[in-house]
Amino acid sequence: MLEALAERVDLDQCRVHTNRGTFTYDYLILACGSKHTYFGHVAWEEHAPGLKTLEQATEIRRRVLSAFERAESEDDPETRRAWLTFVVVGGGPTGVELSGALGELSRSTLKRDFRRIDPQLTRVVLIEAGPRILPSFDAALSATATRDLERLGVQVWTNTAVTEVDEEGVDASGNRLQTKTVLWAAGVQAASLGASLNMPLDRQGRVVVSPELCIPGHSNVFVVGDQARAVGPDAQPLPGVATVALQQGRYVGLAIVGDLRKKARKPFFYADKGQMATIGRSRAVLQTGRLRLAGPLAWMAWLLVHIYYLSGFKNRALVLIQWAYSYFTFARGARLIVNKTWQFYEAGTDDRPAKLGSGQSVTGDAPRPAL
Ligand SMILES: Cc1cc2nc3c(=O)[nH]c(=O)nc-3n(C[C@H](O)[C@H](O)[C@H](O)COP(=O)(O)OP(=O)(O)OC[C@H]3O[C@@H](n4cnc5c(N)ncnc54)[C@H](O)[C@@H]3O)c2cc1C
């Protein structure tokens with residue numbers, strides 16, 4: 001195993017060029033996943049982080065918790081309102097889960113944490129360009145999810161396209177929303193390494209693969225997971241979900257072992273286990289086969305499935321205990337605001353303070369957040 005960034009694949013020479021050197025291969029499995037797409041507006045990323053990596057998750061937490069802190073110390077009512085307005089763009093499972101969590105956080109978790117502001121007056125707006133949220137679910141389940149979100153105080157705006165995102169807010173279908181916190185969950189595009197193959201890609205940049213998950217003319221090069229465009233029995237592309245990636249990973253491992261034993265390959269078959277999305281701390285929607293579930297039962301199923309897929313008994317037991325504790329006690333957690341800047345001194349100086357953002361301490365105090 002080696003930590004490296006793959007930069008280019010040379011199919012003719014069977015080589016992968018990385019920032020740590022060039023490697024030849026007998027078999028190559030590309031599983032580089034996906035990243036957010038801002039539909040050509042990459043400048044929006046600065047104002048609207050997405051949720052894909054751990055760093056992005058801590059940045060989202062930093063922005064959300066800092067927004068409440070800033071609202072608490074803000075005298076101007078308009079600006080305070082902007083700090084207490086949260087916009088989530090994209091009504092797929094990620095956007096639904098994020099906005100539900102924000103609704104829950106403001107109405108339950110932070111309820112008693114501030115003196116001047118009432119977190120319950122927080123405005124959370126979920127913006128979706130299509131006619132309904134959770135478009136990959138049955139219409140009845142997306143209607144239930146909409147109702148559940150509204151119960152948590154989330155405003156769901158469908159048929160609404162975001163046309164501008166800046167540090168003061170968003171423009172959406174002719175409306176201006178003043179907000180300091182925008183979160184992006186409006187679509188993904190495959191990792192860019194696939195383009196270096198010079199093979200057919202779909203509109204999301206996914207590499208088009210054969211039923212055996214290989215690229216044309218190269219049976220030793222597999223592409224799997226979010227980076228691949230594989231189709232199911234209905235000729236529709238498989239969704240970008242972990243269950244697809246997991247099953248494809250297992251399939252490729254067995255295919256290579258099969259090659260060594262001179263066994264003919266069978267096409268990949270995706271056993272669809274369904275889909276789920278949570279809405280706050282006790283509701284979810286679940287769709288698998290002909291089964292449709294909503295509410296606390298679906299949430300319980302979500303919880304069990306996610307614990308089951310954690311690796312190792314210790315992790316499963318610990319997460320189960322932590323979740324149960326938080327659920328029954330409404331525990332607020334550490335409200336930890338992680339700073340982006342970690343240095344106390346500028347590089348190459350003995351004691352000159354590093355340029356921290358406004359409101360940050362450079363003494364022995366714990367650094368305060370930059371917004
Ligand atoms: C917020 C969120 C919630 C989700 N919830 C669910 C859920 O509840 N259920 C579900 O089934 N799915 C869920 N998904 C989708 C699921 O996470 C993905 O479908 C799955 O992780 C895809 O696996 P993968 O191996 O293809 O890619 P990834 O898990 O994205 O892994 C790709 C890896 O490749 C690395 N990489 C990328 N480019 C390079 C390069 N050039 N060189 C070297 N390394 C590189 C990346 O750093 C990354 O570590 C969720 C996704 C998100 C973002």
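Author: Two strands pair if DSSP finds at least two bridges between them. Helices (H or I, at least four residues) and strands (E, at least two) are DSSP runs, numbered from the N terminus. This is a predicted model: local features need pLDDT of at least 70, side-chain atom pairs count only at pLDDT 80 or more, and totals for chains, interfaces and linings use all residues. Residues are numbered from 1 along each chain as its sequence is written.

Reader: In what order do β1, β2 and β3 stand in their open sheet?

Author: Three strands make up this open sheet, and their pairing is antiparallel. β1 and β3 (21-24) have a single partner strand each, so each has one side without a neighbour in the sheet. That puts both at the edges. The order is β1-β2-β3.

Reader: What is the average twist from one strand to the next in that sheet?

Author: Axes are lines fitted to C-alpha atoms (for helices, over the stretch in contact), and angles run from 0 to 180 degrees between N-to-C directions. From one strand to the next, the twist averages 20 degrees.

Reader: How many bridges join β1 to β2?

Author: The two strands run antiparallel. A6 stands opposite T18 in β2. The bridges joining β1 to β2 number four.

Reader: Which residue in β3 stands opposite V16?

Author: β2 and β3 pair in the antiparallel sense. Four bridges link them. Opposite V16 stands F23.

Reader: Which residue in the turn of the β1 and β2 hairpin has a positive phi?

Author: Most residues other than glycine have a negative phi, and most peptide bonds are trans. The hairpin has four residues between its strands. One residue in the loop between β1 (6-10) and β2 (15-18) has phi near 55 degrees without being a glycine. That residue is C14.

Reader: Is C14 buried, exposed or partly exposed?

Author: A residue is buried if 20 or more other C-beta atoms lie within 10 Å of its own, exposed if 12 or fewer, and partly exposed in between; C-beta atoms are placed from the backbone. C14 has 16 other C-beta atoms within 10 Å. It is therefore partly exposed.

Reader: What is the phi of F39?

Author: F39 lies in the loop between β5 (34-36) and α1 (54-72). With 13 other C-beta atoms within 10 Å, F39 is partly exposed. Its phi is positive, although F39 is not a glycine. The value is near 50 degrees.

Reader: Which are the edge strands of the open sheet with the order β18-β19-β20?

Author: This sheet holds three strands, in antiparallel pairing. Each edge strand pairs on one side only. They are β18 (275-279) and β20 (291-295).

Reader: By how many degrees are neighbouring strands of this sheet turned against each other on average?

Author: Strands of a sheet pair through backbone hydrogen bonds, either parallel or antiparallel. For the sheet of β18, β19 and β20, direction is ignored in the average. The turn between neighbouring strands is 5 degrees.

Reader: Which residue in β19 is the bridge partner of A277?

Author: β18 and β19 run antiparallel, joined by five bridges. They form a hairpin with three residues between them, and G280 in the turn has a positive phi of about 75 degrees. Four of the five residues of β18 are buried. The bridge partner of A277 is V285.

Reader: Which residue in β20 is the bridge partner of Q287?

Author: Strand β19 (residues 283-288) pairs with β20 in the antiparallel sense. Five bridges connect the two. Q287 has as its bridge partner R292.

Reader: How far apart are the end C-alpha atoms of helix α7?

Author: Helix α7 (residues 313-329) has 17 residues, none of them buried, so it lies largely in the open. The expected span of a helix is 1.5 Å times one less than its number of residues. For α7 that gives 24 Å, and the distance between its end C-alpha atoms agrees: 24 Å.

Reader: How far apart in space are G232 and A271, C-alpha to C-alpha?

Author: G232 lies in the loop between β17 (228-229) and α5. It is partly exposed, with 14 other C-beta atoms within 10 Å. In sequence, G232 and A271 are 39 residues apart. In space, C-alpha to C-alpha, they are separated by 9.5 Å.

Reader: Which helix gives the largest share of the shell around the ligand?

Author: A residue is near a molecule or strand if its C-beta atom, placed from the backbone, lies within 6 Å of it. The ligand is surrounded by 18 residues, and the closest are G33, G225, V241, A242 and A245. The largest share is three residues, and it comes from helix α5 (residues 242-260).
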